[in-house]
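Look at the structure below and follow the report alongside it. The ligand comes up before the strands and helices.

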Amino acid sequence: MKNESIVYLNGEFVPKSEARVPVEDRGFLFGDAVYEATPAYRGEPFLLDRHLARLSRGLAALRIDYEVGAMPEIHRRLIAENGLGGAPFSFVYVQVTRGVAPRGHAFPREPVPPTVYGFASPAVRPPRSRWEEGYAAVTVPDRRWGRVDVKVTSLVANVLAQQAAADAGVEDAILVRDGMALEGTHNNLFAVFDGAVTTSPASNYILHGITRGFVLERAEGLGIPVDERAIPVEELREADEVFFAGTTSEIRPTVEVDGRPVGTGRVGPVTRRLFDDFLEMTGGSGES
Ligand SMILES: Cc1ncc(COP(=O)(O)O)c(C=O)c1O
């Protein structure tokens, strides 16, 4: 990693300290923007086509006029410029805002070019010994809007929920809406009941995580039963295993929810099997 990172802004690769966005950018004023974060293993973006398809869907949902055609090259170059080509695990973040215009809620009358920003960063995978201890989570009311399947940068409800977890001294928050345990603040939630991997259906109440989809595919391939259905929070408390999945979380075992042990209180066999498979599929050793 070089001393100062190189970021992408509107067609240029510049040192981070030189990147400037005007104060009237609608991403700054309204969170009127979508983003994407893609993992890279040894410098190779993982499932990039799926991430870019989701970004395209988000742009269409927000009616932001931007084609993602240049994105693979932007990702490749951000990794290279930042010396991450050999990094075991890193990620690339990109965001596209509606652009710069005097503040007004409706879209600018005259279309303005979108603002496109990106950076690459090393990611941290905890040592396997830490992973084996498992992690703790608390349940938090889900106060987000009704289209969380769109990956918007307006994340204040996620920020407050993650802070509630931090205040409680745990790693993760489980967002609960109408009595259903939906997902985390930046990762999808899974529970194992009688050997079946269970997770919320891909509705507008969860982000359709790329890792989530991959884990479900791999589970099916491994002959592990899969059940996509809403999980009442009382049922979650009776789960044999709980884990999160996401780009930066990878697969993270939860051994305690709201101060009570999940199952035996230890990382379970289904979670471990899926994580071992995930490490194999991503070429990882389990240590960064
Ligand atoms: C709310 C939420 N759920 C789930 C995820 C996991 O999605 P992915 O696996 O595509 O990273 C994220 C990722 O940022 C997220 O913000």
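The residues of the shell around the ligand divide into three nonpolar, eight polar and two charged. Here Ala, Val, Leu, Ile, Met, Phe, Trp, Tyr, Cys and Pro count as nonpolar, Asp, Glu, Lys and Arg as charged, and the others, Gly among them, as polar. This is a predicted model: local features need pLDDT of at least 70, side-chain atom pairs count only at pLDDT 80 or more, and totals for chains, interfaces and linings use all residues. Numbering starts from 1 along each chain as its sequence is written.

In all, 13 residues surround the ligand. The closest are Gly209, Ile210, Thr211, Gly246 and Thr247. A residue is near the ligand if its C-beta atom, placed from the backbone, lies within 6 Å of it. Helix α6 gives the largest share of the shell, three residues.

Helices (H or I, at least four residues) and strands (E, at least two) are DSSP runs, numbered from the N terminus. Strands pair if DSSP finds at least two bridges between them. Strand β7 (residues 135-141) has these two partners:

| Partner of β7 | Sense | Bridges | Opposite residues |
|---|---|---|---|
| β15 (residues 250-257) | parallel | three | alanine 136 and glutamate 256 |
| β8 (residues 172-177) | parallel | five | valine 138 and alanine 173 |Strand β7, helix α5 (residues 156-167) and β8 form a right-handed β-α-β unit. Right-handed means that, with the strands pointing away from the viewer, the path from the first strand over the helix to the second runs clockwise.

Helix α6 (residues 210-221) also meets helix α8 (residues 269-281): their axes come within 11 Å and cross at roughly 105 degrees. Axes are lines fitted to C-alpha atoms, for helices over the stretch in contact, and angles run from 0 to 180 degrees between N-to-C directions. So α6 and α8 are roughly perpendicular (65 to 115 degrees).

Notes: Parallel < 35°, antiparallel > 145°, perpendicular 65-115°, else oblique.
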